[in-house]
2 protein chains.
Amino acid sequence: MATLTTNAPECSDSKLKSVSNGPYLQPDSVLKLSPNEQRTVDHILRTFRCLIADLCEQFNGGHPGSAMGMAAIGIALWKYIMKYSPSNPSYFNRDRFVLSNGHTCLFQYAFLHLTGYETMTMDQLKSYHSTRADSICPGHPEIEHEGIEVTTGPLGQGIANAVGLAMASKHLGATYNRPGFEVVNNMTWCMIGDACLQEGVALEAIQLAGHWKLDNLCVIYDNNQITCDGSVDLCNTEDINAKMTACGWQVLDVTDGCYDVEGIATALSKARDNTNKPTFINVRTVIGIGSKVQGDAKAHGAAFGPEDVANIKKNCGMDPNDHYQVDEEVYEFFREALPGGRDLEQEYESMLKRYSTVYPELSQEFASRMKGELGDWKSLIPHKQDLPTTPTASRKSAGLVCNPLAAGLPSLMVGTADLSPSVNMIWKRKVDLQNPNLKTTCGINGDYTGRYIHWGVREHAMASISNGIAAFNKGTILPITSSFFMFYLYAAPGVRMGALQRLQQIHIATHDSIGTGEDGPTHQPIALAALYRAMPNILYIRPCDSEETAGAFIAALKATSSPTIISLSRQTLQQYPDSSSREGVLRGGYCFIDEEDAEVTLVGVGSEMCFAVGARKVLKEKHNIKSRIVSMPCQRLFENQPLEYKRDVLRYRTTTRVVIEAYAANGWERYADAGYSMHTFGHSLPGKSAYEYFGINEEAIAKKISHLIDTVREEGLDSLRGEFRDLNLGDHSAE
Amino acid sequence: MATLTTNAPECSDSKLKSVSNGPYLQPDSVLKLSPNEQRTVDHILRTFRCLIADLCEQFNGGHPGSAMGMAAIGIALWKYIMKYSPSNPSYFNRDRFVLSNGHTCLFQYAFLHLTGYETMTMDQLKSYHSTRADSICPGHPEIEHEGIEVTTGPLGQGIANAVGLAMASKHLGATYNRPGFEVVNNMTWCMIGDACLQEGVALEAIQLAGHWKLDNLCVIYDNNQITCDGSVDLCNTEDINAKMTACGWQVLDVTDGCYDVEGIATALSKARDNTNKPTFINVRTVIGIGSKVQGDAKAHGAAFGPEDVANIKKNCGMDPNDHYQVDEEVYEFFREALPGGRDLEQEYESMLKRYSTVYPELSQEFASRMKGELGDWKSLIPHKQDLPTTPTASRKSAGLVCNPLAAGLPSLMVGTADLSPSVNMIWKRKVDLQNPNLKTTCGINGDYTGRYIHWGVREHAMASISNGIAAFNKGTILPITSSFFMFYLYAAPGVRMGALQRLQQIHIATHDSIGTGEDGPTHQPIALAALYRAMPNILYIRPCDSEETAGAFIAALKATSSPTIISLSRQTLQQYPDSSSREGVLRGGYCFIDEEDAEVTLVGVGSEMCFAVGARKVLKEKHNIKSRIVSMPCQRLFENQPLEYKRDVLRYRTTTRVVIEAYAANGWERYADAGYSMHTFGHSLPGKSAYEYFGINEEAIAKKISHLIDTVREEGLDSLRGEFRDLNLGDHSAE
């Protein structure tokens with residue numbers, strides 16, 4: 001059995017510590033392997049590398065190189081360091097492991113197999129890159145499968161997720177731990193490659209983890225100095241250790257990351273012991289070690305070919321004609337993982353029992369959080385009669401709805417990308433999530449129980465870290481982010497990963513049209529809604545007033561497996577208490593103002609609803625045309641309605657439908673025959689003037705619609721098919 | 001007159017240097033102001049700050065604080081450091097100035113006014129935040145206006161642009177400078193605020209500038225430690241100087257950035273002198289200095305109110321009742337900027353003359369580059385008969401078309417976000433853009449004349465830096481970027497800024513559908529095309545074979561005021577030499593395979609064209625339905641065609657139109673009655689199996705279309721209006 005040598009700072013001599021809690025390396029310890037153990041470890045390293053080479057060879061593809069290079073890291077993690085339970089992959093207080101270099105997924109899959117995760121059979125391992133639709137070994141790790149915490153692949157996302165997972169632990173621990181009862185104290189371990197240190201989202205997340213002093217986070221850098229194009233020095237020559245130190249991280253080095261399991265385990269153990277900073281372990285490895293292309297970019301993303309695979313095996317002393325060789329000695333080495341995990345769980349369960357006796361109320365709340373129960377949110381949503389009836393910006397309405405939710409629901413963590421004064425997400429007596437020792441210049445401090453997050457001007461990290469927070473345990477924390485809608489383009493890769501992973505989140509996106517005004521075209525979204533309306537598994541909701549904003553929150557809270565973007569105005573908006581309806585929002589679109597024998601159905605959306613209402617009046621008074629109005633805050637919710645409902649709302653058999661929205665019309669063609677929309681970028685002008693500048697006013701709209709109706713009266717409604725009419729193509733700007 | 005004291009390293013005594021080239025601080029100099037000059041400078045600081053306060057007060061809005069805090073930096077830059085010519089803002093070898101903290105635009109506008117840019121009158125200054133549509137003082141600087149190099153605003157973009165401008169200078173200088181003829185040797189100066197040091201795109205760009213040792217770049221950090229939420233330490237506590245040093249930058253400090261014009265100018269001068277690294281000057285300033293809210297977040301984005309503005313003026317010894325006070329002494333101080341600029345230009349022009357005598361050929365090429373002439377690209381595009389006819393991946397076709405262009409056109413700079421082996425953009429004898437002293441481990445080196453760029457895994461910086469390269473001088477450099485299409489979501493904020501600024505660029509986006517295969521849903525784009533199809537002023541082109549790929553490049557090269565995304569397959573694609581047409585691509589859509597009396601028009605796109613062709617066959621043979629095929633590689637180009645052409649191509653009066661594309665259908669409703677498309681994220685499977693998994697095969701498509709045709713035969717074509725049919729809604733995946 002491995003000798004666990006403590007190396008406590010207070011005593012210069014090393015001494016043995018008893019192992020009280022499974023096989024894990026104890027605090028202040030260094031790992032010392034006996035010669036026999038070292039031989040076994042070497043055998044496992046060889047076995048692992050040959051297995052990876054075989055798995056990529058079978059379908060002539062995949063990413064073998066880094067997985068082989070990282071083998072020793074994996075042994076250190078899964079054998080000596082990580083606390084997990086293969087028989088219960090979702091054991092609540094497990095250490096979280098994130099593979100940010102997700103293309104090396106075979107690394108993780110193989111260790112899940114070796115440590116006894118039931119679903120990860122050898123057959124499943126062999127399904128990597130196969131045509132099996134039920135494979136749990138996709139080309140990048142996916143959250144749906146056992147033992148996988150988050151879906152990674154797009155580089156930089158995983159490390160941001162890991163920061164989120166560590167924040168979640170830190171926050172839950174600070175909230176629910178009591179002396180003697182560490183109900184949440186898990187570590188988050190994150191593997192990254194060279195590429196993750198180049199992606200902006202990772203660099204943002206690194207800053208934040210250092211700022212928050214997330215000492216429960218350890219990033220392990222597979223430093224093989226190779227990416228697709230060649231050696232990393234083609235495009236990166238920074239001093240990474242100095243940089244990480246400057247960002248507030250503890251930096252540790254391992255020089256022989258290919259073989260030095262002792263050194264790696266000792267560094268990992270130091271990371272767990274550290275109580276002040278996140279840890280960055282710079283582990284030098286060799287990509288594709290043992291192959292003919294080791295240390296070369298060719299080892300990154302292609303199989304080695306049968307000849308080289310045979311050579312690798314020969315050099316490892318293994319039979320080149322035998323494939324997927326994993327002998328008993330290897331399985332035996334990891335055998336204790338299963339019972340060790342069960343022991344962990346049992347200890348945890350019995351602690352929770354004692355906790356429930358000593359802290360019955362807290363324990364009950366914690367149990368509810370563990371189950372992912374949000375609590376009674378319905379009673380916290382303001383009633384229609386309590387909402388404003390005078391002109392109100394919908395970003396203000398969002399505050400009116402969200403602030404009581406945030407105050408009342410401990411699951412909500414609300415943050416902003418440095419737009420607190422603009423997005424109205426601060427509630428009374430909010431506490432910031434901060435390291436408690438931080439004393440800011442402006443005097444706004446906090447602690448880890450805090451649920452208000454200053455993300456800084458880091459929209460992308462905000463979204464991607466929030467994915468990690470939401471992924472800690474489904475429903476335990478519901479992250480709410482906020483920024484200007486335009487900057488959800490920066491956040492989009494993170495928002496998308498949330499949708500892909502079915503993680504509930506609410507994104508508060510204010511300043512959502514040219515009504516944003518003076519900030520100009522850089523800040524005025526035109527095309528962004530088209531992205532989110534097309535994106536699978538996300539709701540993009542654009543409410544027109546306070547009542548619809550309440551509806552948007554209800555829809556978002558009901559969507560437990562989807563993120564929602566609530567798209568809000570900077571400018572004040574008319575309120576329509578007689579027309580607007582939260583129930584209508586839940587159906588995506590609904591009849592807002594009806595009119596018998598209407599010739600026109602105007603589709604009003606969000607802050608442009610006022611132009612629909614105004615145009616309707618002008619159409620009637622000046623052009624003698626009857627029109628009705630449909631409000632359509634959410635295309636996706638509407639699309640999910642039965643055909644009969646959609647027919648009834650849109651009345652396309654009897655009316656000409658015109659959508660009015662200051663966005664690109666793309667996608668509205670499904671619901672309208674014509675659009676009064678934007679075809680250029682915006683313009684820097686006060687909001688009202690910006691609308692004027694682009695011809696978006698009730699008179700102009702009504703005039704164009706009246707011309708269209710003249711044509712329709714002549715040619716018939718059916719003539720509209722196939723020729724969507726852009727009613728606002730005037731060249732207003734220089735674009 | 002200011003004393004310019006040299007401080008050359010080789011001599012410890014300071015000594016005077018004569019001023020040979022305008023009023024600028026000479027190499028190895030420190031600025032020493034006489035007491036009189038110091039008084040004038042102080043007067044200008046006061047005047048400037050009161051002017052900013054007034055300009056924000058008039059319409060009760062805007063961003064006064066940082067502009068006021070940065071006043072001394074502006075004096076140092078525009079008076080002592082920058083080489084520019086107010087009477088010719090586009091003087092080729094001018095120093096470039098980028099305001100990355102674009103919300104502080106009044107800072108730049110006011111200095112453009114003071115230094116004599118003709119269009120920047122006091123009246124125009126007063127148009128800031130007004131309803132004047134012809135204002136050249138928008139809420140963020142815009143490239144269209146004199147003296148503005150790039151449009152900034154979305155934080156982090158400007159510093160990336162500045163890196164691009166500096167790269168362009170470096171590259172052009174290396175290519176065209178000869179001993180005694182420095183035809184391009186300008187500096188790029190970039191102001192940033194605290195926020196730019198948090199945005200990922202900036203952090204990526206900082207790494208690259210350090211890697212490339214862009215010693216012609218100086219970033220000036222307006223370190224006021226305030227963002228919207230409060231003090232910066234709410235969300236950032238890193239050691240920025242150590243971090244910049246680790247990233248390979250020279251770091252200089254200025255402790256009193258509010259008043260120490262001497263110290264700032266001296267630091268700026270050191271930045272120009274430095275010949276090894278980019279320079280980062282950490283200038284401590286006080287936001288809103290002189291106001292009651294100085295040093296507070298309240299000074300950031302709101303007017304101070306009349307009372308405080310009056311106080312500011314009183315404290316400055318100015319009349320609180322007088323507004324926009326700029327006296328003769330102030331104008332006099334900057335008077336030399338105009339003639340100084342003209343002198344610079346004259347010297348430059350006469351150098352160019354001499355250059356043309358000594359280096360006639362080089363000079364001719366340089367003159368052509370200055371004019372933005374691309375050269376004879378038409379002859380470099382392969383003819384149809386030279387393109388492959390056997391199955392070929394369109395990413396390979398793109399290489400066949402682009403490689404000769406890159407080899408033959410010195411304007412092209414081609415780079416990749418670490419996907420050289422995948423995107424096929426390397427041409428024979430390409431030279432990398434690198435610092436010539438770099439010797440990489442993999443042995444691939446280069447120099448500044450190089451035109452192949454290893455961007456690393458930094459898609460966002462790739463796009464945003466490319467904007468700067470393209471903005472150096474319109475047409476002088478045409479940047480070509482490349483990555484997987486999915487990662488153009490990371491790059492999207494940069495791509496959008498290119499479209500907004502009308503900068504020609506070509507983005508090579510490969511692996512553009514679920515055909516990407518094993519990498520799985522994280523790498524398979526579903527919704528991204530909807531964004532780019534809706535985005536103003538950009539072409540998203542998805543060619544179906546090599547001939548259409550050639551057409552896509554022709555369209556991209558013709559679009560001199562727009563970026564183009566060419567969207568390409570990983571997998572091999574059938575070639576259609578009898579049907580596909582580059583001329584057709586230029587019209588966006590065209591009849592691909594005709595059929596008399598067709599009942600159905602199939603719209604085929606990109607790598608899904610094979611399913612349209614296959615379904616047509618099955619429809620005929622199995623279902624006895626005649627169909628024709630339209631290829632529509634680019635919606636925007638098609639939309640710009642005359643109505644008659646569109647009618648003729650789509651034949652919606654006589655056929656049922658079905659689009660077949662493995663993307664979300666959003667937007668296709670304009671051109672089709674039904675779509676065979678994607679409604680979920682993708683799945684990790686080999687490309688062919690992924691299509692199968694989602695029911696995208698010719699048999700299934702034909703069957704669904706045949707059902708639809710049954711309905712249409714019964715209910716008539718007109719019944720299709722208002723009810724777009726999603727023919728592929730089967731729940732294939734877990735999504």
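This briefing describes the overall build of chain A, two of its helices, and one helix of chain B. The model is predicted, and the values below are computed from it. Chain A has 735 residues, of which 70% count as buried, and its secondary structure comprises 25 helices and 26 strands.

**Chain A as a whole**

- A compact globule of 735 residues would have a radius of gyration near 27 Å, and the 29 Å found for chain A agrees with that expectation.
- Taken along the principal axes, the C-alpha atoms of chain A fill a box of roughly 95 × 60 × 45 Å.
- Among the contacts in chain A with a separation of 6 or more, 77% are accounted for by residues 24 or more positions apart.
- The accessible surface of chain A comes to about 23,200 Å², and carbon and sulfur atoms contribute 49% of that surface.
- Chain A carries 68 positive and 85 negative charges, and the mean positions of these two sets are 5 Å apart.

**Helix 7 of chain A and A:Ala202**

- A:Ala202 is found in helix 7, which covers residues 200-211 of chain A.
- A:Ala202 has a relative accessible area of 0% and therefore counts as buried, the cut-off for that class being under 20%.
- When neighbours within four places in sequence are left aside, A:Ala202 is in contact with A:Gly156, A:Ile159 and A:Cys196.
- The C-alpha atom of A:Ala202 is separated by 9.9 Å from that of A:Ile192, a residue 10 positions away along the chain.

**Helix 17 of chain A**

- Helix 17 spans residues 492-500 of chain A, and nine of its nine residues are buried.
- The buried residues of helix 17 of chain A include A:Arg496, alongside others such as A:Pro493, A:Val495, A:Met497 and A:Leu500.
- These buried residues pack against three helices of chain A, namely helix 6 (157-176), helix 16 (459-471) and helix 18 (528-534), and also against strand 17 (505-510) and strand 19 (563-567).
- Just after helix 17 of chain A, A:Arg502 adopts a positive phi of about 60 degrees.

**Helix 1 of chain B**

- Helix 1 of chain B runs over residues 35-58, and because 24 residues at 1.5 Å a residue should span 34 Å, the 35 Å between its end C-alpha atoms agrees with the expected length.
- Helix 1 of chain B is mostly covered, with 17 of its 24 residues buried.
- Just after helix 1 of chain B comes B:Asn60, which takes a positive phi of about 55 degrees.

How values were computed. Residues are numbered from 1 along each chain as its sequence is written. Chains are lettered from A and ligands numbered from 1 in the order in which they are written. This is a predicted model: local features need pLDDT of at least 70, side-chain atom pairs count only at pLDDT 80 or more; totals for chains, interfaces and linings use all residues. Side-chain values use heavy atoms; hydrogens and water are left out. Helices (H or I, at least four residues) and strands (E, at least two) are DSSP runs, numbered from the N terminus. The expected span of a helix is 1.5 Å times one less than its number of residues. Buried means under 20% relative accessible area, exposed over 50%, partly exposed in between (1.4 Å probe, protein chains only). The radius of gyration is taken over C-alpha atoms; the globule rule is 2.2 Å times the number of residues to the power 0.38. Contact means heavy atoms within 4.5 Å. Accessible areas come from the Shrake-Rupley method with a 1.4 Å probe; for residues, only the protein chains shown count as cover. Lys and Arg count as positive and Asp and Glu as negative; His and the chain ends are not counted. The place of a charge is taken as NZ of Lys, CZ of Arg, CG of Asp or CD of Glu.
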